[in-house]
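Open your viewer, switch to a cartoon view and keep the selection box at hand. We will go from one stop to the next, and at each one you will hear what to select.

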Amino acid sequence: MASVPASASPPVGGATRVVGILGDPVAHSRSPAMHNAAFAALGLDWVYVPFHVLPAALPDAVAGLRALGVTGCNVTVPHKEAVVPLLDDLSPAAAAIGAVNTVVAAEGRLVGHNTDGEGFSRALHEAHRFRAERSRALILGAGGSARAVGDQLAREGIPAIRISNRTESKARALADHLRRHHPDCEVKVLPWSPLDHRAAINWAELIVNTTRVGLAAGDPSPIDPNGISPGHIVVDLVYGRETAFLAACRAVRARCLDGLPMLLHQGALAFTLWTGKEAPLEVMRAALQVP
Ligand code: ATR
């Protein structure tokens, strides 16, 4: 008979606590592997499962969390903003970001948190020496991830941010939101154009791609990387593959970071919110295969 490794999860039983992830798509997610490895390492009778939820079904899915007594969940693309009005309360970070990636159920109430911004920050500081107060950032994209990154950078005292998004109205909405919450940060919107991108590359020290360009195999770079140099820190939130953008930036020896370390750190923060325990970071890192 095969022996069961010491770190295996306890079998699912009557008292097993359930958390999961709501997303569309969700099959590619590495969060189940990361969290289930963490539960097993701490001997917790918890299980993390993927829930493929289409946008039209999100209200029913959230009602289902309540009805089933699920302990909490992560929320990913495309639900991070849409879930906000379905919850009972928001943490200060989730309210400032305007998006939720982690839900905690406590005493019949669903509270929305956002660990993306803090996860981004931990990943960036772990990989590179980065001084927000001395940097200027170009953010590509204006979705939920861009909101978290922009809010975090402004919170850390970055003096200036430029936002460029294919749909400019969304960039303007994000810029307004950031200015309201962080009046000391100069936030401007740039047109989605090669000329503006080139000028912003020369101006910025930190460039963060939060767009979905790069998620699919064969995607081009979202912007022309010309002008990126070893003095830049470039973060691409796409994980699981080397994007054309990051490959071009690495080739000119810019300091690069993909989205996997941010996934790790946002997950570790969510783990602690649910369990009240310190996350076993190295176990989670190994489960994600973060180098
Ligand atoms: P997330 O929560 O990960 O930020 P999202 O809210 O769906 O995901 O945001 C996706 C971002 O990728 C948006 O900024 C989107 O631009 P639009 O607002 O114009 O839709 C951007 N994006 C997606 N496909 C893109 C493409 N082909 N070119 C440029 N930007 C793209």
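The tour below starts with the whole chain, then visits two sheets, a few loops and the ligand.

**Before you start**

This is a predicted model, in which local features need pLDDT of at least 70 and side-chain atom pairs count only at pLDDT 80 or more, while totals for chains, interfaces and linings use all residues. Residues are numbered from 1 along each chain as its sequence is written, and side-chain values use heavy atoms, with hydrogens and water left out.

**Stop 1: the whole chain**

Select the protein chain. Its secondary structure comes to 10 helices and 12 strands; these are DSSP runs numbered from the N terminus, with helices (H or I) of at least four residues and strands (E) of at least two. The C-alpha atoms fill a box of roughly 60 × 45 × 35 Å along the principal axes. The radius of gyration is 19 Å, which agrees with the value near 19 Å that a compact globule of 291 residues would have. That radius is taken over C-alpha atoms, and the globule rule is 2.2 Å times the number of residues to the power 0.38.

**Stop 2: the mixed sheet**

Now colour strands S1 to S6. They form an open sheet in the order S2-S1-S3-S5-S6-S4, with mixed pairing; two strands pair if DSSP finds at least two bridges between them. At the edges are S2 (46–52) and S4 (89–90), each pairing on one side only. Next, select 17–23 and 72–75: these are S1 and S3, which run parallel and are joined by four bridges. Val19 has Gly72 in S3 as its bridge partner.

Add helix H1 (residues 31–41), which packs on the sheet, touches S1, S2 and S3, and makes about 170° with the direction of S2. Contact here means heavy atoms within 4.5 Å. Angles run from 0 to 180 degrees between N-to-C directions, with axes fitted to C-alpha atoms, for helices over the stretch in contact. Then add helix H9 (residues 260–275): S5 (102–106) and S6 (109–113) are among the strands it touches, and its direction makes about 5° with that of S5.

**Stop 3: three loops**

Where does Pro25 lie? Pro25 is in the loop between S1 and H1, and the peptide bond from Asp24 to Pro25 is cis, with omega near 5°. Pro78, in the loop between S3 and S4, follows a cis bond from Val77 with omega near 0°. Finally, click on Glu107 in the loop between S5 and S6; its phi is near 50°, a positive value in a residue other than glycine.

**Stop 4: the parallel sheet**

Colour S7 to S12. This open sheet of six strands has the order S9-S8-S7-S10-S11-S12, with parallel pairing. S9 (186–190) and S12 (255–257) stand at the edges with a single partner strand each, so one side of each has no neighbour in the sheet. Select S10 (206–209) and S11 (233–236), a parallel pair with four bridges, and find Val208 opposite Val235. Helix H8 (residues 244–251) packs here, touching S10, S11 and S12. Helix H6 (168–181) lies across S8 (160–164) and S9, at about 175° to S9.

**Stop 5: the ligand**

Select the ligand. It is surrounded by 15 residues, the closest being Ser145, Asn165, Arg166, Thr167 and Lys170; a residue counts if one of its heavy atoms lies within 4 Å. Side-chain N or O atoms of Arg166 and Lys170 come to 2.8 Å and 2.9 Å, respectively, from an oxygen atom of the ligand. For a polar side-chain atom of Thr167 the distance is 2.5 Å.

Technical notes: Polar contact = N/O pair within 3.5 Å; in protein donor to acceptor, adjacent residues only side chain to side chain.
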